[in-house]
Amino acid sequence: MTYIDADEAPLTNTGQIKIYGEDAFAGMRKAGKIAAAALDMVAEHVKVGVSTAALDKLIFDFGMDHDAIPATLNYKGYTHSSCISINHVICHGIPSDKTLKEGDILNIDITYIVDGWHGDNSRMYVAGAPKRIAERLINITYESLMRGMAAVKPGATTGDIGHAIQSYVESERMSVVRDFVGHGLGRLFHDAPSIFHFGQPGEGETLAEGMIFTIEPMVNIGKPHSKILADGWTAVTRDRSLSAQYEHSIGVTKDGCEIFTLSPKGYGCWPYE
Ligand code: MF3
Ligand code: CO
Ligand code: CO
């Protein structure tokens, strides 16, 4: 794998890893902050009886109010401003008129384009009160993202990130989804490198200052296997066990990483208050 100066690179995924400068970091900071603010905003609207389409509408409107274009709108035929994935849905749940029930857990994933830069992030929410096992899943998934980010620094590898996530999740007797990965992003939504949420220390791509990518582990209570429903998008656990996900967009710095999608309200893991 080769690296390329992002300022010289074509606006496509050439398979090379783009290295970004300070202007890109400033752009990602702004896009990430608005995407995180949208996740802050929806928190108080997640309630029993609310439809996921109503939440998606709030996310569209928030974008319009902040000069932020939902990146998923018309992306590969997707027609919503967010992905909302309930209970055994792993990711890419399509907002609909279906309403939330007591104890439902859901991931809301928002990507906005601001001045051409993509801010991509997701968090878990609960309608009412979760079952104890669901709350445990949410906490483990959040902690796995924190451990993945803690492995990021120049000279470390993508395998180090994956290993940090996988070894922790499996030590808690849960499983890491293999079929969806984190990704480079910037002016593109999905770019090299792929960030696997499993792996071996020292394997994969070597990280360098100026790389920008997401980490977005999906964790299942049961087995890791997924399948896509007939709508062509909704990914669910094959064994119908509960699944959770958290996602941040980050940039590699001199000695670690900068999180572009930190919550302006200071929210970390659910509950948000
Ligand atoms: N935001 C998702 C991600 O984390 C991608 C959603 S693409 C869509 O990469 F088309 F499903 F919306
Ligand atoms: Co992403
Ligand atoms: Co996302």
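## The metal pair

Which residue bridges the cobalt ion (ligand 3) and the cobalt ion (ligand 2)? In this predicted model, that job goes to Asp 120, with the two ions sitting 3.3 Å apart.

Looking at the cobalt ion (ligand 3) on its own, the protein donors are Asp 109 (OD), Asp 109 (OD), Asp 120 (OD) and Glu 247 (OE), at 2.0 to 2.3 Å. Six donor atoms surround this ion, and the arrangement is irregular because the angles they subtend run from 59 to 170°. For reference, ideal octahedral angles would be 90 or 180 degrees.

## Where the donors come from

Written as a sequence pattern, the donor residues of the cobalt ion (ligand 3) read D-x10-D-x126-E. Asp 109 belongs to strand S6 (residues 105–114) and Asp 120 to strand S7 (residues 117–126), with their positions 11 residues apart.

How accessible are these two aspartates? Asp 109 has a relative accessible area of 12%, so it falls under the 20% cut-off for buried. Asp 120 is buried too, at 2%.

## The nonpolar cores

The largest nonpolar core runs to 65 residues. Leu 106, Ile 108, Tyr 112, Tyr 125, Phe 213, Ile 215 and Tyr 246 have the most contacts inside it. Helix H1 (residues 22–42) supplies the largest share of this core, 10 residues.

Take Phe 213 as a closer look: setting aside neighbours within four places in sequence, its contacts include Val 152, Ile 161, Leu 185, Ile 195, Leu 207, His 248 and Ile 250. There's also a second, separate core of six residues, with Cys 91, Val 177, Phe 180 and Ala 235 among them.

Technical notes: Residues numbered from 1 in each chain as written. Chains lettered and ligands numbered in written order. Predicted model: local features only at pLDDT ≥ 70, side-chain atom pairs only at ≥ 80, totals over all residues. Heavy atoms only, no water. Donors = N, O, S within 2.8 Å, 3.2 Å for Na, K, Ca; no water. Tetrahedral: all angles 85-135°; square planar, octahedral: opposite > 155°, others 65-115°. Helix = DSSP H or I, 4+ residues; strand = E, 2+ residues; numbered from the N terminus. Buried < 20%, exposed > 50% of the residue type's maximum accessible area, 1.4 Å probe, protein only. Core = buried A, V, L, I, M, F, W, Y, C linked by side-chain atoms within 4.5 Å. Contact = heavy atoms within 4.5 Å.
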